[in-house]
Every structure is written in structure tokens, then in C-alpha cells.
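Visitor: Would you kindly take a close look at one part of this model and describe how it is assembled and what surrounds it? A connected account, from the strands outwards, would be most useful.

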Amino acid sequence: MTNQDESYTDLTMVLDLFEAKEQRYLKLLYSKYFLVWGTIFILYSWIPVAIYYSIHGWITYVLYPAESIALTILGLILTKSIFKPIVRFNQFRIKIIRRAIPLNTWGFIVPFYLTFFILGSLISYFSLTNKTGLYSLFTYLALDVMLLIIDYYIIKGIIISYSRLPIEGYLSGFSFGISVGISILSAILFQKDYSLIFTIISISWTVTGIFWIFSSLLSYRAYGGSTDG
Amino acid sequence: MDKDDIGIPNNSKEPRISEIINEINVRKSLRSTTRLTILLMLSLNKTMTFSNLVEVMGISKGSMKNHLDLLEEDGLIKGKEVLTLRGPRLIYEITEEGKKVYLEITRLLSQDTKL
């Protein structure tokens, strides 16, 4: 027979226990999220290299954006699936548990808006002075800006879940922001040297992918899961 | 009635903590902090594996099985074995009856202002 049979007089204890256990379970879900995107970032970097060395001709102009878009869509589908319970818990935390959520998230938001501002300025300057390479630049920009927005909401979601940003949040957020910056800057600065741009972008996103996979391991460690399922 | 994703009504009335206590006490399977927590977790996560529940709750497999059996006997959750890439897994999910109990509890909780 199980223990702890009782009549209830205090539900605060139940909600506190539920909140602590659910926050621990969410570490597993965040771990999956970091792993999915960490892997995708590495694939983003190396699939174009594989295409470059194995396929030639006009088809590559279709394959480059196609593989990026396909990977992004796959990532978004998996993210949506992973984040449903997190969104439900965050709503529960705000409306039922009524835990105080820190309203001042500027410390995390500013770096993202700053990145947007810098990118916007550089794009404007570039598009007015030189039309070469605009297509490839805007392909990167469209993906990067979309991912930046997603990452912003993910970080905000983590803050609502835990009332703070854990170390894996800092690692993933800032490594991502730095890679976006490097991608854009390299596209602008070395616009005629595509092999150099590809090399810089591949290295920076591979490093970011490794940071995200490391974040996944940190999150999984915080969950404390075993591997025997 | 206007509801959000977790089924919480947006219009609140008077707080009635005694109704929540009665709702829980009327079901023997819910007279346990652990089992009530499991019900809430399955309500929000929809499905969880037996292993995940053991790891998260930090109790033994035998104790967890007893808790889950009681909830299952009361028709609040159901377990099923599914085949995954990592082998067969025992997965638990909330039943329609369980959802009703969860919604009733959250409805009453959302009306309460002083837990």
C-alpha cells in the first residue's frame, strides 16, 4: 500500500511539490530543445560544404536555400512539439501558482535588440552602396532574424519557467547571438570571397552547435535522468 | 466560458478552498501529495514514461507503481506499453475522467486567492 494517504487542509504544499517536480521535468524538455537546434546548427554548417564539393551546376542554387529551409522547418516542428508542455506549465505557474515572475528581463533582451539594431544599420548601409551578393546575404538574414526571434521567446520562456536564466540559457543565447553577428558581418565584409564566407560561417555555427549540445548536457544533468529509459 | 490552453476559466468568482479539499478528499486515490502531483503533471504534459515519473518524483519504482495503480483503478490515468527505438516503454496518460478532475481542481484553484 502506498504511503501519504491523508485528508487535505493545505494545498500550498502540493503546488510547491508540483512546481519543483515539473521544473525538473522541463529540464529534460529544454535538454531536447538544445540538442535539436545544436545538431541543426552543425548540419547548417556542413551540408552546404558537402553540396559544394559533391554537386555542381545550377541545381546548387536551389539546394543551398532548400536544405536551410528544410532544416529550419524540421527544427520548428520539433520545437513546437517540445514546447507545448512548457507553455502549459508557464500558464499554470502564472495563473494558478501565481509565482512572481521577474518583469525586468532587459538584461537578456538588450543584447538581442542591439543585434537587431546593428544588423538593420549594416543592411541599410550595404543595400544602398553595393548590390552584389544581396541574394545570399538576405537568405542568411531571413533565417538568422527568424531564429533570433525564436531564441528570444525561448529565453523568455526559460525565465518564466524558472524565474531566472540558468547557465545553459546564457551559453545558448549568447553563442547564438555571436554567430548571427559573425554570419552577417562576414557576408558583408567578404562579399566577393564566398569560400571565405562559407568557412567563417561554418566554423562559427559549428562552435555554436557545440555550445548548444553542451547546454543540452547541462540541462539533462540538472534533470538527473538515467539512460535506461 | 472563455478558457485558455490549460483549461483555466478566465472569469473568477468567490474563493472556495473547501470545495477543492472536498473534491480531492472524495477520491481516495487523490488523498496523497504524490498522486495529486502525478495527476497535475500528466495533465500538463499529456503523456510521461514510467521512468520519467520515477526520475522526476525521486521515489522507488515499486512505490511509483503503487501510486499509478491507484490512480488507474480510479480511472484518472491509463498506462500502455509502446514500442520505441529504445525498446518497449510503459507510458502513462491522463483519461477523460482525469481531465475533468484536473479542470475542476484548477477552476477552484483559480478562484482561490489565499492558498
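**The sheet of chain B and its surroundings**

Guide: Among contacts in chain B between residues at least 6 apart in sequence, 60% join residues at least 24 apart. The model is a predicted one, and the values that follow are to be read in that light. Chain B contains five helices and three strands, and along its sequence they follow the pattern α-α-β-α-α-β-β-α. Of the 115 residues in chain B, 33% are buried.

The part chosen for the close look is the sheet. In chain B, three strands make up an open sheet with the order 1-3-2, and their pairing is antiparallel. Its edges are strand 1 (47–49) and strand 2 (77–84) of chain B, each of which pairs on one side only. On average, neighbouring strands of this sheet are turned by 35° against each other, with direction ignored. As general background, strands of a sheet pair through backbone hydrogen bonds, in either a parallel or an antiparallel manner.

The two pairings may now be taken in turn. Strand 2 of chain B is joined to strand 3 of chain B by eight bridges, and the two strands run antiparallel. Within this pairing, B:Gly79 has B:Tyr92 in strand 3 of chain B as its bridge partner. Strands 2 and 3 of chain B form a hairpin, with two residues between them. On the other side, strand 1 of chain B pairs with strand 3 (residues 87–94) of chain B over three bridges, again in the antiparallel sense. Here B:Thr47 is found opposite B:Glu93 of strand 3 of chain B. Helix 3 (residues 50–57) of chain B packs on the sheet and touches strand 1 and strand 3 of chain B. The direction of this helix makes about 80° with that of strand 1 of chain B.

The approach to strand 1 also deserves attention. B:Lys46 lies in the loop between helix 2 (33–45) and strand 1 of chain B. Its phi is near 70°, a positive value in a residue other than glycine. Most residues other than glycine have a negative phi. B:Lys46 counts as exposed, because it has 12 C-beta neighbours inside 10 Å, and a residue with 12 or fewer is placed in that class.

Helix 3 of chain B leads from the sheet to the other chain. Two packed helices are described by the angle and the distance between their axes. For helix 1 (residues 12–54) of chain A and helix 3 of chain B, the axes come within 9 Å and cross at roughly 125°. That angle lies neither in the range 65 to 115 nor over 145 degrees, and the two helices are therefore oblique to each other. Helix 1 of chain A passes helix 3 of chain B in a right-handed crossing. The residues that meet are A:Lys21, A:Arg24 and A:Tyr25 in helix 1 of chain A, and B:Asn52, B:Val56 and B:Met57 in helix 3 of chain B. By class, this contact has three nonpolar, one polar and two charged residues.

A further positive phi is found in chain A. A:Ser163, which is not glycine, has a positive phi near 65°. This residue is placed in the loop between helix 4 (134–162) and helix 5 (167–189) of chain A. A:Ser163 is partly exposed, with 13 other C-beta atoms within 10 Å.

Technical notes
Residues are numbered from 1 along each chain as its sequence is written. Chains are lettered from A and ligands numbered from 1 in the order in which they are written. This is a predicted model: local features need pLDDT of at least 70, side-chain atom pairs count only at pLDDT 80 or more; totals for chains, interfaces and linings use all residues. Two strands pair if DSSP finds at least two bridges between them. Helices (H or I, at least four residues) and strands (E, at least two) are DSSP runs, numbered from the N terminus. Axes are lines fitted to C-alpha atoms, for helices over the stretch in contact, and angles run from 0 to 180 degrees between N-to-C directions. Two residues are in contact if their C-beta atoms, placed from the backbone, lie within 7 Å. Angles under 35 degrees count as roughly parallel, over 145 as roughly antiparallel, 65 to 115 as roughly perpendicular and the rest as oblique. A crossing is left-handed if the near helix is turned anticlockwise from the far one by less than a right angle, and right-handed if clockwise. Ala, Val, Leu, Ile, Met, Phe, Trp, Tyr, Cys and Pro count as nonpolar, Asp, Glu, Lys and Arg as charged, and the others, Gly among them, as polar. A residue is buried if 20 or more other C-beta atoms lie within 10 Å of its own, exposed if 12 or fewer, and partly exposed in between; C-beta atoms are placed from the backbone.
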